[in-house]
Amino acid sequence: TIPARLWRNVFGIQLESKWMNNKLNAVVFYKNYDYQAESIDFFQREVTSLPLREVKDNFHGYGLALKYQLSPSLFIRGSYEQSTRIPTEFEIFGDFVTIIPNYTLKPETSDNINLGLHFEKNNPDGVNYYFKLDGFIRNQRDLIRLNGFDFEFGIHENEDRVDGKGVEFSTEKSWKDYLKVRGNFTFQSNKITTPP
């Protein structure tokens with residue numbers, strides 16, 4: 001019943017090339033994020049016309065990904081990305097009941113570094129197995145999170161900086177189409193470093 005509009009456009013382009021007899025694969029990419037949000041601002045007082053609020057912005061992102069095939073069964077990969085996450089309609093406008101709108105909400109941006117090792121072996125007898133080990137470092141700015149107050153109300157706000165890191169290990173073994181056994185271990189740490 002309350003009109004609200006959100007436009008989100010993402011444009012991307014990438015260039016991929018292979019080197020060293022196709023052992024090294026490189027991808028370079030660029031992204032452009034454009035968004036515009038518009039809604040009625042019910043918190044403005046003593047207005048003579050419909051109080052519309054508009055938020056719009058434009059951001060850029062880019063990155064590089066490399067993959068090197070060490071053997072037919074083993075490869076390593078690494079990547080760097082400067083990325084952006086545009087706020088959702090719910091995060092900006094709330095629900096006008098318990099979640100209050102925040103028209104000053106900014107997109108999240110982050111610098112992401114990923115490094116991984118992947119091994120896969122398919123045997124003629126149908127006994128196949130693989131494992132992969134991945135790690136990441138993520139430095140986020142303007143992380144969007146729900147901040148509650150007054151026991152029943154909340155508002156989405158930006159945190160200045162969040163430092164994250166993690167590692168994940170996955171493995172699987174299969175016997176033809178009869179049985180698969182999988183295992184996974186994940187560790188993540190996200191620390192808000194916004195000054196108090």
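The side chains of D142 and K106 come together in a salt bridge, with 3.5 Å from N to O. This pair ties together distant parts of the chain: D142 sits in strand β7 (residues 127-149), while K106 lies in the loop between β5 (99-100) and β6, 36 residues apart. Keep in mind as you look around that this is a predicted model.

How do the two partners sit relative to the surface? D142 has a relative accessible area of 15%, so D142 is buried, whereas K106, at 42% relative accessibility, counts as partly exposed.

**More charged pairs**

Side chains of opposite charge can pair when their charged atoms come close. In this model the count comes to 9 salt bridges. Three of them, including the one you have just met, are set out here.

| Salt bridge | N to O distance |
|---|---|
| D142 and K106 | 3.5 Å |
| E108 and R85 | 3.2 Å |
| E159 and R145 | 2.5 Å |

Let us turn to E108 and R85, whose side chains meet in a salt bridge of 3.2 Å, N to O. Here, too, distant parts of the chain are linked: E108 belongs to strand β6 (residues 108-122) and R85 to strand β4 (residues 74-85), with their positions 23 residues apart in the numbering. E108 counts as buried because its relative accessibility is 8%, under the 20% limit. R85 is partly exposed, at a relative accessible area of 32%.

The side chains of E159 and R145 form another salt bridge, at 2.5 Å from N to O. E159 is in strand β8 (residues 153-175) and R145 is in strand β7, 14 residues apart, and this pair again links distant parts of the chain. Is E159 buried or exposed? With a relative accessible area of 12%, E159 is buried. Its partner R145 is partly exposed, with 35%.

There is a network to find as well: salt bridges that share partners join R85, E91 and E108.

**A nonpolar patch on the surface**

Now for something without charge pairs. Which residues make the nonpolar surface patch? L133, V167, F169, F185 and F187 do, and the patch covers about 440 Å². The elements that give two or more residues to this nonpolar patch are β8 and β9 (179-192).

F187 is a good residue to pick out in the structure. F187 is found in strand β9, and its relative accessible area of 42% makes F187 partly exposed.

Key
Residues are numbered from 1 along each chain as its sequence is written. This is a predicted model: local features need pLDDT of at least 70, side-chain atom pairs count only at pLDDT 80 or more; totals for chains, interfaces and linings use all residues. Side-chain values use heavy atoms; hydrogens and water are left out. A salt bridge is a side-chain nitrogen of Lys or Arg within 4 Å of a carboxyl oxygen of Asp or Glu. Helices (H or I, at least four residues) and strands (E, at least two) are DSSP runs, numbered from the N terminus. Buried means under 20% relative accessible area, exposed over 50%, partly exposed in between (1.4 Å probe, protein chains only). Patches are made of residues with over 30% relative accessible area and no salt bridge: like charges are joined within 9 Å, nonpolar side chains (Val, Leu, Ile, Met, Phe, Trp, Tyr) within 5 Å. Accessible areas come from the Shrake-Rupley method with a 1.4 Å probe; for residues, only the protein chains shown count as cover.
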